[in-house]
Amino acid sequence: MDHSTNHAATGHGHATWATAVKATLHCLTGCAVGEILGMVIGTALLWGNVPTMILAIALAFVFGYSFTLFAVMRAGLSLRAAVKVALAADTVSIAVMELVDNAIIALTPGAMDAQLSDGLFWSALLGGFAVAFLITTPVNKWMIGRGKGHAVAHAHH
C-alpha cells in the first residue's frame, strides 16, 4: 500500500487549521484555568516563585487532562481507557503550552515579582498564553495530521 493510500485508510493526514485551532483552544482553556488558579493560590499564600510555578504547571496539566477525560468518559469510555486517551491526546500540547507560557512569564522583567493586583502580572500571563497558542497550534496540526495528539480524543467524540 502506498503512503497516500495508508493515510486515506487510517484517516490521518487531513488535519485542517480549524481542527488544530479548536484542539489548541481546548488545551489552552484547561491550561489557563489550572495555571491561573495555581498562580492565584501561590501568590495569595505568599509562596515564592518556584513553588507557585510548580503548582500552576501541575494544575495546568490536571485541568488540561480533566477536560479531555470527562469528554471521552461522557462518550462511554471507562476511566482507565479515558485516562489513556487523555494522556495520549494532551501531553505534548499541554507541555508545549506550559513551556512557552512560563518562559514568557519568566523572561518578562518584573513579572515573576508582580502581585495579582498588578497589570504586569496579568499582561505577562495573558501575553504568554497568546504566544503559546500561536506556537502550539501548528504543533497540534502536525500531530493531528499523523493521528496523534487530539486526533486520539476526537476518535471518541
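## The nonpolar surface patch

Helix α4 gives the nonpolar patch its largest share, 3 residues. The patch lies on the surface of this predicted model and consists of F70, M73, L79, V83 and L87, with about 430 Å² of accessible area together. Helices α3 and α4 (79-107) each supply at least two of its residues. Patch residues have over 30% relative accessible area and no salt bridge; nonpolar side chains (Val, Leu, Ile, Met, Phe, Trp, Tyr) are joined within 5 Å, and like charges within 9 Å. A salt bridge is a side-chain nitrogen of Lys or Arg within 4 Å of a carboxyl oxygen of Asp or Glu. Accessible areas come from the Shrake-Rupley method with a 1.4 Å probe, and for residues only the protein chains shown count as cover.

L79, one of the patch residues, is found in helix α4. L79 is partly exposed because its relative accessible area is 49%, given that buried means under 20%, exposed over 50% and partly exposed in between.

## Overall make-up

The secondary structure comes to 6 helices and 0 strands, in the order α-α-α-α-α-α from the N terminus. Helices (H or I, at least four residues) and strands (E, at least two) are DSSP runs, numbered from the N terminus. Of the 157 residues in the protein, 39% are buried.

Residues are numbered from 1 along each chain as its sequence is written. In this predicted model, local features need pLDDT of at least 70 and side-chain atom pairs count only at pLDDT 80 or more, while totals for chains, interfaces and linings use all residues; side-chain values use heavy atoms, with hydrogens and water left out.

## Helices α2 and α3

The axes of α2 (residues 17-44) and α3 (residues 49-74) cross at roughly 145° and come within 7 Å. Axes are lines fitted to C-alpha atoms over the stretch in contact, and angles run from 0 to 180 degrees between N-to-C directions. The crossing is right-handed, meaning that the near helix is turned clockwise from the far one by less than a right angle. By class, the contact has 12 nonpolar, 10 polar and 1 charged residues.

The loop between α2 and α3 contains L46. Most residues other than glycine have a negative phi. L46 is not a glycine, yet has a positive phi of about 60°. L46 is exposed, with a relative accessible area of 72%.

## G145 in helix α5

G145 is found in helix α5 (residues 119-145). G145 counts as buried because its relative accessibility is 6%. The C-alpha atoms of G145 and A20 are separated by 9.3 Å, although the two residues are 125 residues apart along the chain.

Key. Ala, Val, Leu, Ile, Met, Phe, Trp, Tyr, Cys and Pro count as nonpolar, Asp, Glu, Lys and Arg as charged, and the others, Gly among them, as polar. Buried means under 20% relative accessible area, exposed over 50%, partly exposed in between (1.4 Å probe, protein chains only).
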